[in-house]
Amino acid sequence: MPYAWPEDTDFILWELDVLNRACPVCGRGMYVCDHRYRRFHTLEGPVELVCKLNHCPDPTCPGHAHTTSPELEVTIALPKWAIGWDVLCWIGHRRCSRHWSIPQIQAELWDAYGIALSADSLARYIRHYQIMLAARQEDPAALRRQYQAVEEIILSIDGLQPEKGHETLYVVRELTQKRVWFAEPLISATADEVRRLIATAKAWALALGKPVALWLSDRQDAFVTGIAAEFPDVPHRYCANHFLRDVAKPVLEADSHAKVQMRKKVRGLRKIEQAVLKHPSAEASNGLREDDRQATFTATVAAAAGWSEVVGVDAASTVVLDYCATVRGILNDDQGGPLQPPGLRMAAALHEVRASLQRNLDEKKGGSPRSNSAGWPTASIAAWRPSARNKRRSATTSRTSRK
Ligand SMILES: [Zn+2]
């Protein structure tokens with residue numbers, strides 16, 4: 001569909017003439033026989049381009065029936081485009097390098113340049129850009145220049161699935177120059193199809209005249225057989241990333257088992273909380289008559305919000321409830337991968353809680369006048385609660401200490 005220009009568009013007028021005026025057939029000087037007008041967006045504003053069309057003056061020359069267009073026209077905008085190359089590059093760069101979404105590109109084009117393009121048109125221009133980019137990436141001359149100083153080539157192949165349910169994209173990369181050589185989506189990656197990709201990589205290496213020193217992959221069967229067939233003398237190793245991932249599996253399983261064991265051992269939080277809420281001082285001041293579940297809920301919320309004074313739980317009970325909330329947070333923390341196993345972190349945090357409790361008990365035995373809050377704030381436990389809560393807590397404890 002032709003681009004719909006608003007009626008009041010203010011176009012910059014550009015004119016182009018044919019540079020080589022000699023008739024391509026007979027060599028006579030050609031002259032202007034017609035004009036072609038076209039309009040497109042540039043980053044400098046909307047342009048109306050007038051192309052002067054030439055033809056041979058001799059009616060008997062075949063060059064008379066054909067018109068010649070200005071050579072430079074395609075360097076400004078390709079035929080039928082509503083945008084110039086500058087806008088195409090602007091769009092392509094934002095999509096491919098900065099990963100902007102189409103709506104984001106659309107909005108920014110409008111805000112910054114007053115260029116209105118539909119999402120469909122943008123998708124089409126991005127497709128043009130990608131095709132040109134791929135052609136450029138695979139340009140044999142450019143590739144040869146890049147590989148001139150390289151002595152050996154290291155290749156890798158892997159199947160990626162950008163979206164679940166879609167075909168797998170098989171990517172062949174060269175690792176010394178860190179570049180993708182080519183990629184192809186395969187619906188069914190049979191051994192033959194995979195071998196064809198490996199043969200293509202072999203042809204590329206041959207064209208560059210460089211030896212392949214090594215292949216890397218996750219060593220799935222099709223890769224192993226394909227590489228062995230096309231590169232019988234080239235070693236084929238595990239990719240370190242896949243290797244680490246496979247090694248990590250038993251680590252994570254052991255870690256998960258350890259977490260289960262710790263959760264089995266550290267239990268009864270709810271009972272402790274219920275007991276605290278039945279404590280005479282709490283009951284007296286608050287007159288709690290709800291069932292246990294409700295009481296626990298109130299106490300937990302109170303402890304979490306630091307509202308001990310509101311519900312009337314005394315300071316010592318608040319400390320116990322805080323410990324319970326902390327331990328519950330530690331037991332529920334599941335974040336982390338094989339390099340930061342969550343079970344290890346859980347064990348370390350529980351250990352700190354235990355040490356903190358022990359410090360409190362020791363203080364009590366020695367009859368120290370210091371309040372039990374003195375042994376409380378250790379770094380990792382403090383990290384379990386928001387900082388605002390910490391401030392609150394120190395305010396509460398200092399009040400307690402004065403009592
Ligand atoms: Zn002619």
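**Entry 1: helix 3 and its end**

I began at the residue that follows helix 3, which is Gly114, and I noted that its phi is positive, near 65 degrees. I keep in mind throughout that I am reading a predicted model. I then looked up helix 3 itself, which runs over residues 102–113 and has 12 residues. At 1.5 Å a residue these should span 16 Å, and since the end C-alpha atoms are 16 Å apart, I wrote down that the two values agree.

**Entry 2: the chain as a whole**

Next I stepped back to the protein chain, for which I recorded 16 helices and 8 strands. Of its 403 residues, 34% are buried. I also looked up how contacts are spread along the sequence, and found that among those between residues at least 6 apart, 55% join residues at least 24 apart. For the surface I noted about 24400 Å² exposed by the protein chain, with carbon and sulfur atoms supplying 56% of that area.

**Entry 3: the zinc ion**

Which protein atoms are the donors of the zinc ion? I found the SG atoms of Cys23, Cys26, Cys56 and Cys61, lying 2.3 Å from the ion. The 4 donor atoms subtend angles of 103 to 114 degrees around the zinc ion, and I therefore entered the arrangement as tetrahedral. For comparison I wrote beside this that the ideal angle for four tetrahedral donors is 109.5 degrees.

Along the sequence, the donor residues follow the spacing C-x2-C-x29-C-x4-C. I placed Cys26 in the loop between strand 1 (12–16) and strand 2, and Cys56 in the loop between strand 3 (45–55) and helix 1, so this pair ties together parts that are 30 residues apart in sequence. Is Cys56 buried or exposed? Its relative accessible area is 0%, so I marked Cys56 as buried, whereas Cys26, at 37% relative accessibility, counts as partly exposed.

**Entry 4: salt bridges**

I counted 11 salt bridges in the structure, and I looked up some of them one by one.

The side chains of Arg36 and Glu73 meet in a salt bridge, with 2.4 Å from N to O. Because Arg36 lies in strand 2 (residues 31–42) and Glu73 in helix 1 (residues 73–76), the pair ties together parts that are 37 residues apart in sequence. I noted that Arg36 is partly exposed, with a relative accessible area of 32%, while Glu73, at 9% relative accessibility, counts as buried because the cut-off is under 20%.

I then turned to Glu273, which forms a salt bridge with Arg328, their closest N and O atoms being 3.1 Å apart. Glu273 lies in helix 9 (residues 269–278) and Arg328 in helix 13 (residues 315–332), so here the parts tied together are 55 residues apart in sequence. Glu273 is buried, with a relative accessible area of 1%, and Arg328 counts as partly exposed at 24% relative accessibility. After this pair I also entered a network, in which salt bridges that share partners join Arg36, Arg38 and Glu73.

How far apart are the closest N and O atoms of Arg21 and Asp17? They are 3.6 Å apart, and the two residues form a salt bridge. Arg21 is partly exposed, with a relative accessible area of 31%, and Asp17 likewise counts as partly exposed, at 28% relative accessibility.

Key
Residues are numbered from 1 along each chain as its sequence is written. This is a predicted model: local features need pLDDT of at least 70, side-chain atom pairs count only at pLDDT 80 or more; totals for chains, interfaces and linings use all residues. Side-chain values use heavy atoms; hydrogens and water are left out. A salt bridge is a side-chain nitrogen of Lys or Arg within 4 Å of a carboxyl oxygen of Asp or Glu. Buried means under 20% relative accessible area, exposed over 50%, partly exposed in between (1.4 Å probe, protein chains only). Helices (H or I, at least four residues) and strands (E, at least two) are DSSP runs, numbered from the N terminus. The expected span of a helix is 1.5 Å times one less than its number of residues. Contact means heavy atoms within 4.5 Å. Accessible areas come from the Shrake-Rupley method with a 1.4 Å probe; for residues, only the protein chains shown count as cover. Donors are N, O and S atoms within 2.8 Å of the metal (3.2 Å for Na, K and Ca); water is not among the atoms, so sites may look incomplete. Four donors count as tetrahedral if all angles lie between 85 and 135 degrees; four count as square planar and six as octahedral if opposite donors are over 155 degrees apart and all others between 65 and 115; anything else is irregular.
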